[in-house]
Amino acid sequence: MSAPIRPLHLAVSIDRPGVRDAEPYVRAARLAERGRLDFVTLGDTLGPPRRGESRLDALAVLARVAPATERIGLVPTVTTTHTEPFHVSNAVSTLDWVSGGRAGWTVEVSGTEAAARHFGRRAAAPADELWHEAAAVADVAARLWDSWEDDAEIRDAATGRFVDRDKLHHVDFEGPGFSVRGPSIVPRPPQGRPVTAVDATRLLPRAAAARHADVAYIRTGPAPAPGAVRAARDDLHARLRSLGRDPGRIVVLASLPVALYAAADAVALADLAGSWWADGVADGFHFRPEDPERDLALLVDGTVPVLQHRGLLRSFYPGGTLREHLCLPRPANRYATARRPA
């Protein structure tokens, strides 16, 4: 059966609390890749770990996963609070390079007193201030990724020229509490701009998602309510239109907790996913397994084959980058476009 015109997108969290070794994350990403999921996510938080708690950096872990996988997208959570936007941009850009164009990032903020004390740069701030800053970081990150034109690298050993300086650009960005001159120290990423994702369940991050996100998650509880997800999606689309953005250029995923105990629960999840997708509730799903080992295996070996058999899900990756998986175009470079003659 042919693939649907409007593709169903699937992603999964590979969070493993307490795990200190990268190998379980590699195995999980490979399993998700076997199921042809669009991408995996890995959460992260700022601040000192609690007593007895181990914590790995999500970006670093997925950088380790990248060479061990071939097609699956890799989307770590990156907290914009207490971090330098220039470093955030470079780190995500580097992940895109080492993965061959499969990187994204989920924008997050930190409003805890513990994190503020740990970094010692400033006091904890209210949520509206943090999300205003996060939106500015997402904006300047995109500008830094554009600060190298695609053909800026020359690498001419005979003349000793590495870059064409006319194709490097200062971003000269002033944000809330920071300024960035640029250009980046990393060439423009393979995707042009790595995929930006935001959990748009609440109104404050939803405003940031409307301006800057390529992917938006709408989280639900154990008793999923399609009406609430649809309402959030409709509100997000309305916000995009008011900003002059095309709602077709954002992928909205219902983020569902899943607990799959047998193949028949796995089939039930396929029924729910197919029904919600057909009704236009969301463009796809971000699954949050209760048991990482059990639920991901049942998802890949139970839910995915049912969706493929029903013609709702592809059985192969049509491209190599995360943007291609999500049917999102590669963005034009704003600086190259601006300097072209009319």
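## Strand β1 and its barrel: worked exercises

Val12 of β1 stands opposite Phe287 in β12. This is a predicted model, in which local features need pLDDT of at least 70, side-chain atom pairs count only at pLDDT 80 or more, and totals for chains, interfaces and linings use all residues. Residues are numbered from 1 along each chain as its sequence is written, and side-chain values use heavy atoms, with hydrogens and water left out.

**Exercise 1.** Find the strands that β1 pairs with, and follow the chain to β2.

*Solution.* Start with the terms: helices (H or I, at least four residues) and strands (E, at least two) are DSSP runs numbered from the N terminus, and two strands pair if DSSP finds at least two bridges between them. Next, take β12 (residues 284–289): β1 pairs with β12 in the parallel sense over four bridges. Then turn to β2 (residues 39–42), where the parallel pairing with β1 has three bridges. Here Val40 is the bridge partner of Val12, and Phe39 of β2 stands opposite Ala11.

**Exercise 2.** Decide whether the residues of β1 are buried or exposed.

*Solution.* Buried means under 20% relative accessible area, exposed over 50%, and partly exposed in between (1.4 Å probe, protein chains only). In β1 (residues 9–13), five of five residues are buried. Now sort them by direction: His9, Ala11 and Ser13 point one way, while Leu10 and Val12 point the other.

**Exercise 3.** Place β1 in the barrel.

*Solution.* Walk around the ring: eight strands close into a barrel in the order β1-β2-β3-β4-β9-β10-β11-β12, with parallel pairing.

Notes
Right-handed = clockwise from strand over helix to strand, strands pointing away.
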